[in-house]
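Reader: I would like to learn how to read the contact surface between two chains. Could we work through it together, feature by feature?

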Number of protein chains: 2
Amino acid sequence: MNSVKNTMVACCQVAPKIGDLAYNRTLSERVIRSAALQGARVVVLPELVQSGYVFADRNEALSLSETADGPALTLWKALAKELDIIVVGGFCERLDGDELANSAAMIDAQGLRAVYRKAHLWDAEKDIFSPGNDAPPVIETVHGRIGMLICYDLEFPEWVRLPALAGADLLCAPVNWPDGPRPPTERPAEVVRVQANASINRMFIAACDRHGHERGVGWVQGSVIVDADGYPLAGPAEQGGEQMLLATLNLSEARNKRISARNDLHQDRRQGLY
Amino acid sequence: MNSVKNTMVACCQVAPKIGDLAYNRTLSERVIRSAALQGARVVVLPELVQSGYVFADRNEALSLSETADGPALTLWKALAKELDIIVVGGFCERLDGDELANSAAMIDAQGLRAVYRKAHLWDAEKDIFSPGNDAPPVIETVHGRIGMLICYDLEFPEWVRLPALAGADLLCAPVNWPDGPRPPTERPAEVVRVQANASINRMFIAACDRHGHERGVGWVQGSVIVDADGYPLAGPAEQGGEQMLLATLNLSEARNKRISARNDLHQDRRQGLY
């Protein structure tokens, strides 16, 4: 662990426009600069913020895809270097042989640190993307160890466990949570699952959702930053819409997995049994 | 699945007295009868309701332990037969060689259907109990398939996954959740984890907590019955104290793991990766 004790993390809940790559770049630059100006050192953007989410078909997704050397990540690299921040954001990644992945990039002042490819695909994504087969990466940064995964991945605690066991202090999760029915007084189950994943691992999680209707699909708009006990430090915003969630985290707290005199959340796992 | 479509489930949040086995039997009989009178067909009691929880030492626990043929389970068997209900409750179980287990019994009109021994031990329990090594049982009953596990087990979603994958429609969880600090406006993380475990498996969960201070320990008093999407149908009670939570469940809903046109929560697991 480095000497930086408190790290301000931002989740930028914005509304990308499907297919308008230039608009989405401008949008991401605006909120990245705004977050950094307010003191954020880690800035999380939604899933597929580079392209939008509701593709008409695979061909449209292919036409909007970029590599890690494409315009969106080139912009984020320049901003991360200029502002000395970490950016985590989602993009429609073109792989070899015209394959596509629903990916997230982690970029810091050094450049691209990792790309993660969503392993659990949602609904029509199965027609478009190849699922990732590599565990969520955990990267040593100046602020601590940061992992990332994407949206539906969060519904598989076995998958969340992997970066947690690899030592992630903070998990950044670009998401696009499609909205659905729920009891009106209840916090969305998507947020509840983020809380639970954090609490069973004593790991901070920053989940960045989107807003804006896109081809008939709406979103939970439930961006949230939770502490290592699973309680929200910022969000979920009740009113939805564009949100800039900011929370200052002492990431070193996640190094302590003890929750009683005799209990350690990771050491108490009965590894032989599951 | 049988023809019974709606099953009323009760969680009886009571305060056993440490060491007063006769009082605890009378207490359990009172609330089991009350729950059945109100229509409950499945009655869940807290962890260690037969003995109390905060043992002075292992010797005290040994002196309070019973086998499955002891007075507490004999009473529950008689009540289950008389009232034609299922009882799930916790007891301090004496094993061979004076070993002890923190156990739960499932009893129906046929008699004892299963005993489960807590696999993840909390704090001083490690000085008293032998941890169980067998997966949570899932029992075919007239109301559907019912599983059980105990308290801290719920913090290990890999463990909860086992009865879920074995087909449990309802998971009954006797708990004693020790109280601790949390943000005053937040639902306890213990309840949040129950919700998340239900939602990632589309499985009903009935968690029955206790109340009453015992040797300096207080409890969350957060009993809750959640639906297969993870939303509470009854509880958590805000005021604490003795509670009789009742909810009518259509357990067959848990047989459908689909959450979108293309997604099935269990089939979407990437089994080769974890």
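**Reading the interface**

Author: We can begin with a single pair: the side chains of B:E158 and A:R161 form a salt bridge, at 2.7 Å from N to O, where a salt bridge is a side-chain nitrogen of Lys or Arg within 4 Å of a carboxyl oxygen of Asp or Glu. This is a predicted model, in which local features need pLDDT of at least 70 and side-chain atom pairs count only at pLDDT 80 or more, while totals for chains, interfaces and linings use all residues. Residues are numbered from 1 along each chain as its sequence is written, chains are lettered from A and ligands numbered from 1 in the order in which they are written, and side-chain values use heavy atoms, with hydrogens and water left out.

Reader: How many salt bridges are there between chain A and chain B, and how many residue pairs are in polar contact?

Author: A polar contact is a pair of N or O atoms within 3.5 Å; within protein, one must be able to donate a hydrogen and the other to accept it, and residues adjacent in sequence count only if both atoms are side-chain atoms. Between chain A and chain B there are 10 salt bridges and 34 residue pairs in polar contact, both residues at pLDDT 80 or more.

Reader: What is the area buried between chain A and chain B?

Author: Buried area is the accessible area (1.4 Å probe) that two parts lose on being put together, summed over both. Here it is about 4000 Å², with carbon and sulfur atoms giving 53%. A:E158, A:Y231 and A:R262 supply 18% of the area that chain A buries against chain B, more than any other three residues.

Reader: Which rotation superposes chain A on chain B?

Author: Copies are superposed by least squares on the C-alpha atoms of residues with pLDDT of at least 70 in both. A rotation of 180 degrees, with 0.0 Å of shift along its axis, brings chain A onto chain B at an RMSD of 0.0 Å, which is the relation of a two-fold axis. The same surface serves both copies, since 100% of the contact residues of chain A recur in chain B, contact meaning heavy atoms within 4.5 Å.

Reader: Is α5(A) largely enclosed or open?

Author: Buried means under 20% relative accessible area, exposed over 50%, and partly exposed in between (1.4 Å probe, protein chains only); helices (H or I, at least four residues) and strands (E, at least two) are DSSP runs, numbered from the N terminus. Because 7 of the 9 residues of α5(A) are buried, α5(A) is largely enclosed by the rest of the structure. The buried residues include A:E158 and A:R161, and the buried residues of α5(A) pack against elements including α6 of chain A and α5 (157–165) of chain B.
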